[in-house]
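These are my notebook entries on what I looked up in the structure shown below.

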Amino acid sequence: MRNADFAELHQVVNGFGPLNMATAANNGGYVSLKNFHRLTILFTKGVGTASEDPTITLTQATDVAGTGAKALNFERLWLKQHASSLPATFTRVTKGTVNNTYTNDTLAEELAIIAIDITPDMLDVDGGFDCVQAAVADVGTNAQLGQLVYILDGAFSPPLTAQAN
């Protein structure tokens with residue numbers, strides 16, 4: 001649908017924040033990919049203290065309560081990162097190891113936007129897995145603001161809720 005508005009084609013769910021990621025583990029809720037083509041996990045963060053780098057972890061489950069949660073491996077992501085002014089375009093990052101986490105050793109002290117795309121075929125659909133959660137571990141002792149947002153590309157217009165299973 002070329003003439004459709006963003007809200008007619010997508011569902012947006014706040015995972016967490018904005019909040020200080022140095023106070024506890026920062027777990028987003030689970031979202032269901034039933035009736036959706038794609039999930040983009042969008043993580044934005046402010047400048048923090050060196051060596052307190054955020055680690056993003058993805059899990060999959062059979063429902064939005066997190067039943068049977070297990071690792072959701074991913075290979076790549078898109079990154080905008082800079083000390084004071086974010087670049088206009090994303091840089092594609094292919095991880096050296098395919099696993100369910102991402103961090104880098106300069107992420108804490110710079111501004112960043114990270115986008116991770118997930119499609120239903122990346123989940124264990126044969127095992128009944130259709131829900132995804134992103135979490136960011138406690139970054140340490142100093143304040144570092146962050147927010148996690150789920151953007152789901154809907155199979156139906158308007159898109160159905162992403163939190164009902």
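I searched the whole structure for aromatic pairs, meaning rings of Phe, Tyr and Trp (its six-membered ring) with centres within 6.5 Å, and found zero. The model is predicted, so I kept to its limits: local features need pLDDT of at least 70, side-chain atom pairs count only at pLDDT 80 or more, and totals for chains, interfaces and linings use all residues. Residues are numbered from 1 along each chain as its sequence is written, and side-chain values use heavy atoms, with hydrogens and water left out.

Next I looked for charges over rings (NZ of Lys or CZ of Arg within 6 Å of the ring centre and within 35 degrees of the ring normal). Lys-95 lies over the face of Phe-74 at 3.7 Å from the ring centre, and the charged end of Lys-70 sits over the ring of Phe-129, 4.5 Å from its centre.

Phe-74 came up again when I listed contacts (heavy atoms within 4.5 Å): leaving aside neighbours within four places in sequence, Ile-118 touches Phe-74, Leu-39, Ile-41 and Leu-58, among others.

I then turned to the largest nonpolar core (buried Ala, Val, Leu, Ile, Met, Phe, Trp, Tyr and Cys residues joined through side-chain atoms within 4.5 Å), which has 31 residues. Ile-118, Ile-41 and Tyr-150 are among those with the most contacts inside this core.

Lastly I followed strand E12 (strands are DSSP runs of at least two residues, numbered from the N terminus). Seven of its ten residues are buried (under 20% relative accessible area, 1.4 Å probe, protein chains only), so E12 is largely enclosed by the rest of the structure. In E12, Tyr-150 is the bridge partner of Ile-41, and Val-13 also stands opposite Tyr-150.

Methods
Buried means under 20% relative accessible area, exposed over 50%, partly exposed in between (1.4 Å probe, protein chains only). Rings of Phe, Tyr and Trp (its six-membered ring) pair if their centres lie within 6.5 Å; planes under 30 degrees apart count as stacked, over 60 as edge-to-face and the rest as tilted. Helices (H or I, at least four residues) and strands (E, at least two) are DSSP runs, numbered from the N terminus. Two strands pair if DSSP finds at least two bridges between them.
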